[in-house]
Amino acid sequence: MAEKLNLDDYIRKIPDFPKKGILFYDVTSILTNPRAFQYCVDRMREIYADKKIDAVAAIEARGFIFAAPFAVETHVPLILLRKKGKLPGKTIHRSYELEYGEAAVELHVDDVKKGQRVLLVDDLIATGGTLLAAKELLEEVGAEVPEIFGVMGLPFLNYEKTLTGVPVTTLIEYNHE
Ligand code: AMP
């Protein structure tokens, strides 16, 4: 079981990064604290212990960090959703809007099996645009996305409205910019 810990104590907040008006919630301060990092992975295992999850998919780059130990510890495949142009095999991609800018996410077609129930993971959910693009890519190749996980959530950016129909779970939510 995950030990009791106030995750907020381990999240560095940086105003005006990467541009003015954005409060950046930094995961590196979780990663440099083994207890806090372990807590996040333990909580993920607890939350999804009773759900039927066949694979975990993660968003580059900070989603990888949390999905990888989860994949190893729960013995499920890890699927990488990368920035465009990084994956060498046959891919599909989708463009989306960020809280600050525009981006595209790409998926190896052969990394996903039809009917696979995939838990989708990122470090922080802001508008939900990244996860929606990722979810649509996974569904395009025949997977199901029954659950979405983020270590942190910014509900005031309305990700629940973007990611309708899928339960979204976060470990900590921030309701201010
Ligand atoms: P979104 O598509 O709007 O949900 O944006 C989520 C992605 O952008 C995640 O991969 C986050 O790592 C990053 N991100 C967006 N806003 C912030 C923020 N305020 N602090 C830290 N990371 C952020």
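How many salt bridges does a search of the whole structure find? The search finds 14 salt bridges, a salt bridge being a side-chain nitrogen of Lys or Arg within 4 Å of a carboxyl oxygen of Asp or Glu. The structure is a predicted model, in which local features need pLDDT of at least 70 and side-chain atom pairs count only at pLDDT 80 or more, while totals for chains, interfaces and linings use all residues. Residues are numbered from 1 along each chain as its sequence is written, and side-chain values use heavy atoms, with hydrogens and water left out.

**Salt bridges**

Three of the pairs are listed below with the separation of nitrogen and oxygen.

| Pair | N to O distance |
|---|---|
| Asp8 and Lys13 | 2.6 Å |
| Glu46 and Arg43 | 2.7 Å |
| Arg45 and Glu73 | 2.8 Å |

Arg45 lies in helix 2 and Glu73 in helix 3 (residues 62–74), so their salt bridge ties together parts that are 28 residues apart in sequence. Helices (H or I, at least four residues) and strands (E, at least two) are DSSP runs, numbered from the N terminus. Glu46 and Arg43, by contrast, both belong to helix 2 (residues 34–48), where they are three residues apart, about one turn of the helix.

The partners can also be described by relative accessible area, for which buried means under 20%, exposed over 50% and partly exposed in between (1.4 Å probe, protein chains only). Asp8 is partly exposed at 27%, and Lys13 is partly exposed at 31%. In helix 2, Glu46 has a value of 30% and is partly exposed; Arg43, at 24%, is also partly exposed. For the pair between helices, Arg45 is partly exposed at 37% and Glu73 is partly exposed at 29%. Elsewhere, salt bridges with shared partners join Arg94, Glu136 and Glu140 into one network.

**The sheet and helix 4**

Seven strands form an open sheet in the order 5-6-4-3-7-8-9, with mixed pairing; two strands pair if DSSP finds at least two bridges between them. Strand 5 (91–98) and strand 9 (168–173) stand at the edges, and because each has a single partner strand, one side of each is left without a neighbour in the sheet. Neighbouring strands are turned against each other by 20° on average, direction ignored. Strand 8 (residues 144–153) runs parallel to strand 9 and is joined to it by five bridges. Gly150 stands opposite Thr170 in strand 9.

Helix 4 (residues 129–140) lies across several strands, including strand 3 (55–59), strand 4 (78–83) and strand 5, and runs at about 160° to strand 5. Axes are lines fitted to C-alpha atoms, for helices over the stretch in contact, and angles run from 0 to 180 degrees between N-to-C directions; contact means heavy atoms within 4.5 Å.

**Backbone features in the loops**

The loop between strand 1 (12–15) and strand 2 (23–26) contains Pro18, and the peptide bond from Phe17 to Pro18 is cis, with omega near -5°. Asp16 is located in the loop between strand 1 and strand 2. Its phi is near 60°, a positive value in a residue other than glycine, and Asp16 is partly exposed at 40% relative accessibility.

A cis peptide bond also runs from Glu60 to Ala61, with omega near -5°. Ala61 is placed in the loop between strand 3 and helix 3. In the loop between helix 3 and strand 4 is His75, which has a positive phi of about 60° although it is not a glycine. His75 counts as exposed, at 71% relative accessibility.
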